[in-house]
Amino acid sequence: MPPLDYALVRRLKRERPHLSISINGGITSLDAAEAHLDDSDGVQLDGVMLGRAAYHEPAILGQADRRLYGAATPDVDAFAAIDRYRPYLAARLEEGVHLPAMTRHMLGLMHGRPGARAFRRILTVESIPAGAGLEVVDRAVDAVREAEARLELRGEAA
């Protein structure tokens with residue numbers, strides 16, 4: 001695979017502004033996405049793709065509307081994202097989709113938070129048995145909430 005050449009992408013957009021050009025590859029954060037979308041050099045790219053970064057740390061997408069699109073909406077935290085995902089999970093479970101087929105895409109959602117390891121373990125291990133349902137997701141979420149509460153209590157006691 002050839003090395004990433006961000007300057008080439010910008011030059012292509014400068015030379016062919018009528019084309020829809022998005023940049024992809026090696027973009028690991030919203031800060032980097034914002035930098036690529038910066039048009040101070042006269043080049044306005046049409047988009048930025050966050051592939052692996054979004055997959056490994058999906059919670060960063062909860063800030064995308066505000067930071068990348070200027071939306072005046074509050075950020076979506078990981079807990080709210082799971083709440084919004086629940087109807088989809090429930091509908092697919094009802095159709096016979098096995099829970100791990102869906103929860104494997106959630107493993108990075110609590111990245112960097114207390115209880116993240118327990119969250120991943122619960123989703124990975126407890127979602128496998130036939131009939132596993134939303135209660136597994138609830139246990140995983142509870143593990144994070146409990147770890148954060150313990151950390152908060154220790155912080156108050158210190």
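**Entry 1: Leu 61**

I started with Leu 61, which I found in the loop between helix H3 (52-56) and H4. I note at the outset that I am working from a predicted model. I wanted to know how far Leu 61 is open to the outside, and its relative accessible area of 42% makes it partly exposed, because only residues under 20% are called buried and those over 50% exposed. Setting aside residues up to four places away in sequence, I see that Leu 61 touches Leu 50 and Ala 54. I also looked up its separation from Pro 100: the two are 39 residues apart in sequence, and their C-alpha atoms are 22 Å apart in space.

**Entry 2: the largest pocket**

Leu 61 came up again when I turned to the largest pocket, where it is listed with Pro 58, Ala 59, Ala 81 and Leu 109 as lying nearest the centre. The volume of this pocket comes to about 330 Å³, and I count 15 residues in its lining. Which helix gives the most to the lining of the largest pocket? I found that it is helix H5, residues 78-95, with four residues. As to chemical character, the lining divides into eleven nonpolar residues, two polar ones and two charged ones.

**Entry 3: His 56**

I next looked up His 56, whose place is in helix H3. With a relative accessibility of 52%, His 56 counts as exposed. Beyond its neighbours within four places in sequence, I find His 56 in contact with Gly 108 and His 111. Between His 56 and Arg 117, which are 61 residues apart in sequence, the distance from C-alpha to C-alpha is 13 Å.

**Entry 4: helix H2 and the loop after it**

For helix H2, residues 30-37, I listed the buried residues, and they are Leu 30, Ala 33, His 36 and Leu 37. Looking down the axis of H2, I see these buried residues fall within an arc of 115°, so they line one face of the helix. What do the buried residues of H2 pack against? Their partners are helix H1 (6-15), strand E1 (22-24), strand E2 (47-49) and helix H4 (64-69). On the face of H2 turned away from its buried side I noted the exposed residues Asp 31 and Ala 35. Asp 31 appears once more at the N-terminal end of H2, which is capped by Ser 29, with a side-chain oxygen of Ser 29 lying 3.4 Å from the backbone nitrogen of Asp 31.

Moving on to the loop between H2 and E2, I looked up Gly 42, which lies there. Gly 42 counts as exposed at 66% relative accessibility. I also checked Gly 42 against Arg 14: they are 28 residues apart along the chain, and their C-alpha atoms are separated by 7.8 Å.

**Entry 5: Thr 103, helix H7 and Ser 127**

Is Thr 103 buried or exposed? I found Thr 103 in helix H6, residues 99-103, and its relative accessible area of 1% makes it buried. Not counting residues up to four places away in sequence, Thr 103 touches Leu 123, Ser 127 and Val 137.

Since Leu 123 was among these contacts, I went on to helix H7, residues 116-125, whose buried residues are Ala 116, Phe 119, Ile 122 and Leu 123. Viewed down the axis of H7, the buried residues fall within an arc of 130°, so they too line one face of their helix.

I closed with Ser 127, which lies in the loop between H7 and helix H8 (134-157). Ser 127 is buried, with a relative accessible area of 1%. Its side chain reaches the backbone oxygen of Leu 123 at 2.4 Å. Again leaving out residues up to four places away in sequence, I find that Ser 127 touches Leu 99, Pro 100, Thr 103, Ile 122, Ala 132 and Val 136.

Key: Residues are numbered from 1 along each chain as its sequence is written. This is a predicted model: local features need pLDDT of at least 70, side-chain atom pairs count only at pLDDT 80 or more; totals for chains, interfaces and linings use all residues. Side-chain values use heavy atoms; hydrogens and water are left out. On a 1 Å grid over the protein atoms alone, a cavity is a set of points where a 1.4 Å probe fits but cannot get out, and a pocket is an open set with protein on both sides within 12 Å along at least five of seven lines; lining residues have an atom within 4 Å of a point. Grid points are joined across faces, edges and corners, and a volume is the space filled by probe spheres set on the points. Helices (H or I, at least four residues) and strands (E, at least two) are DSSP runs, numbered from the N terminus. Ala, Val, Leu, Ile, Met, Phe, Trp, Tyr, Cys and Pro count as nonpolar, Asp, Glu, Lys and Arg as charged, and the others, Gly among them, as polar. Buried means under 20% relative accessible area, exposed over 50%, partly exposed in between (1.4 Å probe, protein chains only). The arc is that of the directions from the helix axis to the C-beta atoms. Contact means heavy atoms within 4.5 Å. A polar contact is a pair of N or O atoms within 3.5 Å; within protein, one must be able to donate a hydrogen and the other to accept it, and residues adjacent in sequence count only if both atoms are side-chain atoms.
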